[in-house]
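This briefing covers the sheets, the helices packed on them, a helix pair, a salt bridge and a hairpin. The entry is shown first, and the notes follow by topic.

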Amino acid sequence: MAKKKLRSAAVIHLGSENITMQLIEYTGLDDIRIITELRSKVRLGEETFQTRKISFGTMLQIVEILKGYRQVMREYGVKSYILQATTAVREAENQQYFLDQVLVKTGFQIEVVNMSREIYTKMASLLRTMETHGKMPLPREGVLLADISSGGLGLTYVKDREVKFQQNLHVGLVRLKEQFTRNERSSIHFEQALKEYLQDRIGVVAEELENETISMLVLTGTESQVLLDLFGKKRTRKENVSLTADEVKAFYHRVHHLKESQLEKLFSLTPEETEVALPAITLCQLLMEMSRAQQILMPVDRFVDGMKILYIARQLDQQFLEEMLDIQMSLVRNIGNRFHYDAPHAAWVENMCCVLFDALAPSQGLDQEDKSLLRAAAYLHNIGKYASMRTYDRYNYYLIDSADLLGFSVEQCHTIAQISYLYTLDRPELEGSEPKDFGSGIPPLVAKLAGILRLADSLDISGRQKIRDCKVVIRGNELRVRAKSRENLALEEWTFSKRGSFFEEVFGLRPVLEKAEEK
């Protein structure tokens, strides 16, 4: 058996409080070695949440840190890297100027990830640790994943390896600190005010989970380390920490009435830790009450670990990526459920989209990432009908464009929304609706994926799944679709023909539908 090639890379996370770099060597997901790990403190989150900008001084500080990391990479002979930034950079109004200056001064290209991709990245590491390594697999019953960061709170409900619900809230610990002045935090009324503020913010999630049975609350995020310090729990880098609901409740009732000065003295906290201590305790207790979970788990997995897993998987482990894609699509389907979509129709159209895509991809420059966008659009292509049957094209667009779609970037969500909008072209029931402005024209990728979705939908326009099997081949300048059915396909044939012109214009192929009698 041939020896696997040893590769190396730098994995760098520019977070709100720290810049972390791991230098790694690997041959696959089961063979990863951390050569060294560096972490540098930076007060980026506090500044950005207050001023909405990254100051010149902070930019220079980050540049110097990254220059140092670049030098370490040279010393170890590491050239490949991935550098991602999260909440603080994401919310900075001068983000583009900051990214440009970092690139010019260090040579590092920073990828800014949205909250949904941030949660997805952490989930990749968490599932890998808990299920693949088998030390503490996720239970089949409900699990609430709560990611606590400086600027946000991500809540993800998982059951039977499906994501049933996911919401990202602006309720991070540093952001909470900035919500109240120092005088307000010193008030005897602060604890009650903080609790009411948090209850209001997470109330919609509490309603969503009201009838669910949740056995475990999993806390991730760098800010959850504050809770470990408060609970007096010390762990090694490879050890998960577990607490019972009774332990959390007893601790909360012991300290929730204390002021910051008392917390600092009692637990030997730094000033920075003290400022977020009570918000962390209160948030933890509210999450336990909301979920009614009997166990709380704080795993070792961090964002940088998820970055590492996905970076390697994209090169060497397609099976893991497909497993993660299944999890993404489970949330997409559950978003459809929330808007009472036609599940059998959506599933049929999604499958037909995949058949058409696989036939077209080799000659059209389409890849697997494009396929995932098409699949999401296929599942959600009719959710706008929940709001309006007459102008559902607009609601398709706005509902998808503003949704938290796990693992999809802001740009990808925008593309999915555009696809779902364009598929409705030439629908008679949409009289009077104005087309979405695409500027100078429809992007070719959006047009191609919308063209595929339009054809797939036309083959089940009745919503009755009349066609039991389809074969798709390209012959010359024609795309031939051979459909097997025992039923009358007149409506499907007419709709397919009407939508053919747009497909032909985009792909340079004339779609032809042939009916074969099913035996």
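Which residue of β7 does D147 stand opposite? D147 faces G154 across the pairing. The model is a predicted one. Its sheets include one of 6 strands and one of 5 strands, and both are open with mixed pairing.

**The sheet of 6 strands**

- The strand order is β8-β7-β6-β9-β11-β10.
- The edge positions are held by β8 (162–169) and β10 (241–244); each has a single partner strand, so one side of each lacks a neighbour in the sheet.
- On average, neighbouring strands of this sheet are turned by 20° against each other, direction ignored.
- Strands β6 (residues 142–148) and β7 (residues 153–159) run antiparallel and are joined by 6 bridges; the position of D147 opposite G154 belongs to this strand pair.
- Helix α8 (residues 190–208) packs on the sheet and touches β7 and β8. The direction of α8 makes about 165° with that of β8.
- Helix α12 (residues 271–291) lies across β6, β7, β9 (214–220) and β11 (295–298). Relative to β9, α12 runs at about 155°.

**The sheet of 5 strands**

- Here the order is β3-β2-β1-β4-β5.
- With a single partner strand each, β3 (31–41) and β5 (111–112) stand at the edges, so one side of each is left without a neighbour in the sheet.
- The parallel pair of β1 (residues 7–14) and β4 (residues 81–85) is joined by 5 bridges. In β4, A85 is the residue opposite L14.
- Helix α2 (residues 56–76) lies across β1, β2 (18–28), β3 and β4, at about 25° to β2.
- Helix α13 (residues 303–316) also packs on this sheet, touching β1, β2, β3 and β4. Its direction makes about 35° with that of β2.

**The pair α15 and α19**

- Helices α15 (residues 343–364) and α19 (residues 444–458) pack with their axes 8 Å apart, at an angle of about 135°.
- The two helices, α15 and α19, are therefore oblique to each other, and their crossing is right-handed.
- On the α15 side, the contact is made by H345, W348, V349, M352, C353, L356, F357, L360 and Q364.
- On the α19 side, the contributors are K448, L449, I452, L453, L455, A456 and D457.
- By class, the residues of this contact divide into 12 nonpolar, 2 polar and 2 charged.

**Salt bridges**

- The model has a count of 30 salt bridges.
- One of them joins K122 and E118, whose closest N and O atoms are 3.4 Å apart.
- K122 and E118 both lie in helix α5 (residues 115–132); they are 4 residues apart and so are separated by about one helical turn.

**The hairpin of β12 and β13**

- Strands β12 (residues 469–475) and β13 (residues 478–485) pair in the antiparallel sense over 7 bridges.
- R475 has E478 of β13 as its bridge partner.
- The hairpin has 2 residues between the strands, and G476 takes a positive phi near 60°.

Conventions
Residues are numbered from 1 along each chain as its sequence is written. This is a predicted model: local features need pLDDT of at least 70, side-chain atom pairs count only at pLDDT 80 or more; totals for chains, interfaces and linings use all residues. Side-chain values use heavy atoms; hydrogens and water are left out. Two strands pair if DSSP finds at least two bridges between them. Axes are lines fitted to C-alpha atoms, for helices over the stretch in contact, and angles run from 0 to 180 degrees between N-to-C directions. Contact means heavy atoms within 4.5 Å. Angles under 35 degrees count as roughly parallel, over 145 as roughly antiparallel, 65 to 115 as roughly perpendicular and the rest as oblique. A crossing is left-handed if the near helix is turned anticlockwise from the far one by less than a right angle, and right-handed if clockwise. Ala, Val, Leu, Ile, Met, Phe, Trp, Tyr, Cys and Pro count as nonpolar, Asp, Glu, Lys and Arg as charged, and the others, Gly among them, as polar. A salt bridge is a side-chain nitrogen of Lys or Arg within 4 Å of a carboxyl oxygen of Asp or Glu.
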